[in-house]
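Hi everyone, thanks for making time. I'd like to walk you through one structure, so have a look at it while I talk.

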Amino acid sequence: MWTVFWVSFWFATMIVAPNITRSTLEEENRASSLAQLLTCQSRSIIVGLGSIVAADGEQLNHIGFAFFTYEIVDLVLGSWFRLHTRDMFLHHALHILAGWLIWSNKLGSLARPLMLQEMSSIFLNSFVFVRNRYPSVADACFACFALAFAVTRLGIGTATAARFFVAGTHPMLSILVCGGSAMQWRWGVKIMDKLRRQFQRKVD
């Protein structure tokens, strides 16, 4: 069901793309680029909020399957429309591998905090959409993204990775999760520096 939903949403968005407010950056007006961004936003809302409200067991598995199938669909369609860099291709492949390992080993307690990280992506996708369409709200969107990133990815995500590594439940998955956490910190430093410069610009 989720695979059909993501594919349908992607192509439906491509159809309505010409009616969406145009960006001053022409690349962002491509139907395939808009479809990818808005489908990603739908994923982030469904998975991020779902990780908060879903009960353990079948409901959480359903949210996890939504995330897993999205990664596959975006990998295939993003590659078809030549939207992915090599880094993004690797990013998706690692997500798919980690997702398979988590669900094949029934590690719902690890899945929930990892999926919760999608809450920050809601604000990131919003920022990407508005920055060249409605620039007056772009700074607010980025500030919300930075705060959510700090809480869900640097805070909760790092603590989850550390606990999982210490527990030694699954060595290969521990490496993937801790490696992912290290990448988050690498990005986090850049995000916080951008936020600092943003506020400094406001003060000046």
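Before anything else, one term: when I say buried, I mean a residue with under 20% relative accessible area; exposed means over 50%, and partly exposed is in between. And please keep in mind that this is a predicted model.

Okay, let's begin with charges. Side chains of opposite charge can pair when their charged atoms come close. This structure holds 10 salt bridges, and I'll talk about a few of them.

Take E28 and R131. Their side chains meet in a salt bridge, at 3.1 Å from N to O. E28 sits in the loop between α1 and α2, while R131 sits in the loop between α6 and α7, so this pair ties together parts that are 103 residues apart in sequence. Is E28 buried or exposed? With a relative accessibility of 12%, E28 is under the 20% cut-off, so we call it buried. Its partner R131 comes out at 35%, so R131 counts as partly exposed.

Next up, R43 and E118. Which helices does this salt bridge connect? R43 is in helix α2 and E118 is in helix α6, so the bridge ties together parts that are 75 residues apart in sequence. The closest N and O atoms of R43 and E118 are 3.0 Å apart, and both residues are buried. There's a bit more to this one: R43 and E118 belong to a network of salt bridges that also takes in E71 and R153.

Now a pair of another kind. R196 and D193 form a salt bridge, with their closest N and O atoms 2.9 Å apart. Where are they? Both are in helix α8, three residues apart, which is about one turn of the helix. Here's the general idea behind that: an α-helix has 3.6 residues a turn, so residues three or four places apart point the same way. As for accessibility, R196 is at 47%, so it is partly exposed. D193 is at 31%, so D193 is partly exposed too.

While we're in α8, find Q198, which is also in that helix. Q198 has a relative accessibility of just 6%, so it counts as buried. What does Q198 touch, if we skip its neighbours within four places in sequence? The answer is D139, F142 and A143.

That brings us to helix α7, residues 138–167. It has 30 residues, and at 1.5 Å a residue it should span 44 Å. Its end C-alpha atoms are 41 Å apart, which agrees. If you follow α7 along, you'll find a kink of about 30° centred on G157. After α7 comes G168, with a positive phi near 65°.

Speaking of phi, here's something to know: most residues other than glycine have a negative phi. So which residues here go the other way? One of them is R82, which has a positive phi of about 55° although it is not a glycine. R82 is in the loop between α3 and α4, and at 76% relative accessible area it is exposed. K106 is another non-glycine with a positive phi of about 55°. You'll find K106 in the loop between α4 and α5, and its relative accessibility of 73% makes it exposed.

Let's go back to α6 for a moment and look at F129, which is in that helix. F129 has 19% relative accessibility, and the cut-off for buried is under 20%, so F129 counts as buried. Leaving out neighbours within four places in sequence, F129 is in contact with I20, L34, L37, L38 and Y134. K190 is another matter: F129 and K190 are 61 residues apart in sequence, and their C-alpha atoms are 20 Å apart in space.

Last stop, the surface. Which residues make the nonpolar patch? They are I45, L49, I52 and V53, and the patch covers about 370 Å². Pick out L49, which is in helix α2. L49 has 42% relative accessibility, so it counts as partly exposed.

If you'd like to try one yourselves, find R43 in helix α2 and trace its salt bridge over to E118 in helix α6. Thanks, and I'm happy to take questions.

Definitions and conventions. Residues are numbered from 1 along each chain as its sequence is written. This is a predicted model: local features need pLDDT of at least 70, side-chain atom pairs count only at pLDDT 80 or more; totals for chains, interfaces and linings use all residues. Side-chain values use heavy atoms; hydrogens and water are left out. Helices (H or I, at least four residues) and strands (E, at least two) are DSSP runs, numbered from the N terminus. The expected span of a helix is 1.5 Å times one less than its number of residues. The bend at a residue is the angle between axes fitted to the seven residues ending there and the seven starting there. Patches are made of residues with over 30% relative accessible area and no salt bridge: like charges are joined within 9 Å, nonpolar side chains (Val, Leu, Ile, Met, Phe, Trp, Tyr) within 5 Å. Accessible areas come from the Shrake-Rupley method with a 1.4 Å probe; for residues, only the protein chains shown count as cover. A salt bridge is a side-chain nitrogen of Lys or Arg within 4 Å of a carboxyl oxygen of Asp or Glu. Buried means under 20% relative accessible area, exposed over 50%, partly exposed in between (1.4 Å probe, protein chains only). Contact means heavy atoms within 4.5 Å.
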